[in-house]
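Dear colleague,

Please find below the structure that I am handing over to you. My notes on it follow directly after.

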Amino acid sequence: MTTLKKSIVFLLVLSVAAISSLYVLPVKAQSSSDNEVREEMDKLNKNIEKAQKSYDAIKRQLANKNKALQSAQASGKAKDSQIKSLKSQIAEQNKKLAAQEKRIHDLQTQLQTLRAQLQGNSGTPAPEQPDSSPSGGWNPQAICRITAFSYTPGDSCVKLTVEFKDGETEELEAPFGKTGQDTYFKIENIYAKTQVVMPVSSRGDWVVNVDSRSGYVAKIDPSNIEGSKLNGNANKDNYGGKTFKSGEAFIILKQSGMTIRPPYYTAPKRR
């Protein structure tokens, strides 16, 4: 083989190697980046879980302080200084609760950003995580509570995770519905005495419409679920029902339905 031919072959080999590297290196970099994103998402999920436990603990403490205040005020024997101290402690707990709620929201926002990044890298939708419903203890009237609302745009239903006092859980489905131009998800029957704290989402507000008939649904104080008085007249809307949004709480006293509108939703994908 002449020197010229050898040089041409050598240049061809170099060209092929260079072209191959153009295709191989970005794939490796993207894979590494995706793994880093997933690791960060895993850390955020753990931090959200810890923050939620702390939130629940603060709520329990707040409920106990509220009970102590109510008892002191009802007895008529408590000193003004004692009542003043309890009110001060309750105000402090409310500040801690608000700060912890903001922390959870910020962590969920970071998680949502990373999901979007991962989705952009892969070109396929990342699975949505359920929007958790802060528990805050049990209202005396409740026998079960909804702990999560789960929905991915394009799904045919919203899934509700229901927890009973004995620790058992059940998943209920609210199918997609449409009336004229109005779209929604609706479940016809939910257990009587189901406690609901509306979830907070980085995507916007969850909204539900429930039965406004007397004795069916009552609002409860989300900052004092265990000691909250029931308000059957609250949140009545102009359409013959009651409307609750993210951060609010209520209890379904009689078996009835619920219309659900996630922060962002679309008609179900055709299979």
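Are the residues on the two faces of strand S6 (residues 194-197) buried or exposed? Thr194 and Val196 on one side are buried, as are Gln195 and Val197 on the other, so that both faces are covered. Here buried means under 20% relative accessible area, exposed over 50%, and partly exposed in between (1.4 Å probe, protein chains only). Strands are DSSP runs (E, at least two residues), numbered from the N terminus.

Please note that this is a predicted model, in which local features need pLDDT of at least 70 and side-chain atom pairs count only at pLDDT 80 or more, while totals for chains, interfaces and linings use all residues. Residues are numbered from 1 along each chain as its sequence is written, and side-chain values use heavy atoms, without hydrogens and water.

Strand S6 pairs with two strands (a pair needs at least two DSSP bridges). Strand S2 (residues 144-150) runs parallel to S6 and is joined to it by 3 bridges; isoleucine 146 stands opposite valine 196. Strand S12 (residues 249-252) runs antiparallel to S6, with 4 bridges, and phenylalanine 250 stands opposite valine 196.The largest share of the lining of the second largest pocket, 5 residues, is given by strand S13. A pocket is an open set of points on a 1 Å grid over the protein atoms alone, with protein on both sides within 12 Å along at least five of seven lines, and lining residues have an atom within 4 Å of a point.

Yours sincerely
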